[in-house]
Structure formats: structure tokens, C-alpha cells
Amino acid sequence: MAKKILIAYFSATGETERAASKIAKATGGDMFEIKPVVPYTKADLDWNDKNSRSSTEMRSLARPEIADKVENMPIYDVVFVGFPIWWYMAPTIVNGFLASYDFAGKKVVPFATSGSSDINKAEVVLQSLCSKDAEWLPGKLMNGMTLDQIDEWIASLGL
């Protein structure tokens, strides 16, 4: 039986969405956008402004309300979770997504986009939010990956 795959992602500027689309193409998985009820504006995303929405959310660990739910989460065997790296971490909306579902018995695979940070610190925090009975697989920073490289990475996961 083929595994049912979900690619859930949060994308503030479109980079992570492009990476998610490549993973969906490589796996045949379904896509789900993790989006806030109140969309981010350009000013909200100004990380140089210590009072911007993204800065205050990351400092306070506030989890923005998510606009939609994955109604059929139980049918998925594998869930890729994508996000941009903010301050070496996943945006707090991704924390809220992971805390909202039971991932027991599922394989969870993080992926990220970043201008300069790696995914390591974000993975540790996100794994702690995920169901203890989930199988957490090594994540990947997707910057500049070709479809062939994505295929190789996915094959290495043994899904």
C-alpha cells in the first residue's frame, strides 16, 4: 500500500512554498498551507524592527491562530513540515501547528528555507512539540535544491 503524504508548510515570502511544491511534485503528496487568521504584512515581517509582529511573536513564543485545519490528518502516514528559519527557529505558528495534531504512528519530516541559518536548533524544538510516538526523520535545509537532489533526499528517508 502506498504511503499517504502531506506537505504542510508556512511561507511568509513564497520561498518555503516553492520548496513545498517541489516536495509535493517528488512525492505526489497533498499540500496544506499553514496560514495565520491575520495575514502577515511586510511591516510585520521586518526582523530589524524589534516591535514588529514577527519579532514580538518570536520573543514571547506567541502562537498565532491558524486559519484552517487539516480535516483528515489521520489518513496521512508521512507529514513534511516546512517553514522559513526566523532567529534560528521555526516561526511560532509552526509550533502551534505541531501542537494541534496527534502525530503518533506518523513519520514527520521537517524542511526549511533560510538566508543563513541551519535547521538544527529548530528541529530540536519542533520535535519536542510533536507526539512522542511519532517517528521524527532528519530535516533538510532546502535552499537551492534541485528536483534531483530532492528526489535523492526523499529516497534516503526510506519512506
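Helix axes are taken here as lines fitted to C-alpha atoms over the stretch in contact, with angles running from 0 to 180 degrees between N-to-C directions. The structure described is a predicted model. On this basis, the axes of helix α1, formed by residues 15-27, and helix α5, formed by residues 147-157, come within 10 Å and cross at roughly 65°. The crossing of α1 and α5 is right-handed. On the α1 side, the contact is made by K22, I23, K25, A26 and T27, which meet L147, I150, D151, W153 and I154 in α5. By residue class, this contact of α1 with α5 comprises six nonpolar, one polar and three charged residues.

Helix α1 was examined for its length and its burial. For its 13 residues, a rise of 1.5 Å a residue leads to an expected span of 18 Å, and the end C-alpha atoms of α1 are 19 Å apart, in agreement with that value. The buried residues in α1 include T16, A19, A20, I23 and A24. These residues cover an arc of only 145° around the axis, and therefore lie on the same side of α1. An α-helix has 3.6 residues a turn, so residues three or four places apart point the same way. The buried residues of α1 pack against four strands, namely β1 (5-9), β2 (30-33), β3 (78-84) and β4 (107-113), and also against helix α5. I23 thus appears both among the buried residues of α1 and among the residues of α1 that meet α5. R18, also in helix α1, is partly exposed, because its relative accessible area of 45% falls between the limits of 20% and 50%. R18 and K3 are 15 residues apart in sequence, and their C-alpha atoms are 23 Å apart in space. Just after α1, G28 adopts a positive phi of about 75°.

The loop between β1 and α1 contains T13. With a relative accessibility of 64%, T13 counts as exposed, since the value is over 50%. T13 is separated from Y40 by 27 residues in sequence, and the C-alpha atoms of the two residues are 9.7 Å apart.

In helix α5, the buried residues are I150, W153, I154 and L157. They cover an arc of only 95° around the axis, so they are placed on the same side of α5. On the other side of α5, D148, E152, A155 and S156 are exposed. The cover over the buried residues of α5 includes helix α1 together with strands β3, β4 and β6 (140-141). Of the buried residues in α5, I150, W153 and I154 also take part in the contact with α1. Just after α5, G158 has a positive phi of about 65°.

Helix α3 presents another pattern of burial. Seven of its eight residues are buried, and α3 is therefore largely enclosed by the rest of the structure. The buried residues of α3 are T92, I93, V94, N95, G96, F97 and L98. Elements covering these residues include strands β1, β2, β3 and β5 (135-136), as well as helices α2 (53-60) and α4 (120-129). T92 lies in helix α3, which extends over residues 92-99. At 1% relative accessibility, T92 counts as buried, because this value is under 20%. When residues up to four places away in sequence are not counted, T92 touches E57, M58, L61, A62, R63 and P64.

The loop between β3 and α3 was considered for its backbone torsions. Most residues other than glycine have a negative phi. W87, which is found in this loop between β3 and α3, has a positive phi, near 50°, although it is a residue other than glycine. W87 counts as partly exposed because its relative accessibility is 37%. Y88, likewise in the loop between β3 and α3, is also a residue other than glycine with a positive phi, in this case near 70°. Since its relative accessibility is 52%, Y88 counts as exposed.

Key
Residues are numbered from 1 along each chain as its sequence is written. This is a predicted model: local features need pLDDT of at least 70, side-chain atom pairs count only at pLDDT 80 or more; totals for chains, interfaces and linings use all residues. Side-chain values use heavy atoms; hydrogens and water are left out. Helices (H or I, at least four residues) and strands (E, at least two) are DSSP runs, numbered from the N terminus. A crossing is left-handed if the near helix is turned anticlockwise from the far one by less than a right angle, and right-handed if clockwise. Contact means heavy atoms within 4.5 Å. Ala, Val, Leu, Ile, Met, Phe, Trp, Tyr, Cys and Pro count as nonpolar, Asp, Glu, Lys and Arg as charged, and the others, Gly among them, as polar. The expected span of a helix is 1.5 Å times one less than its number of residues. Buried means under 20% relative accessible area, exposed over 50%, partly exposed in between (1.4 Å probe, protein chains only). The arc is that of the directions from the helix axis to the C-beta atoms.
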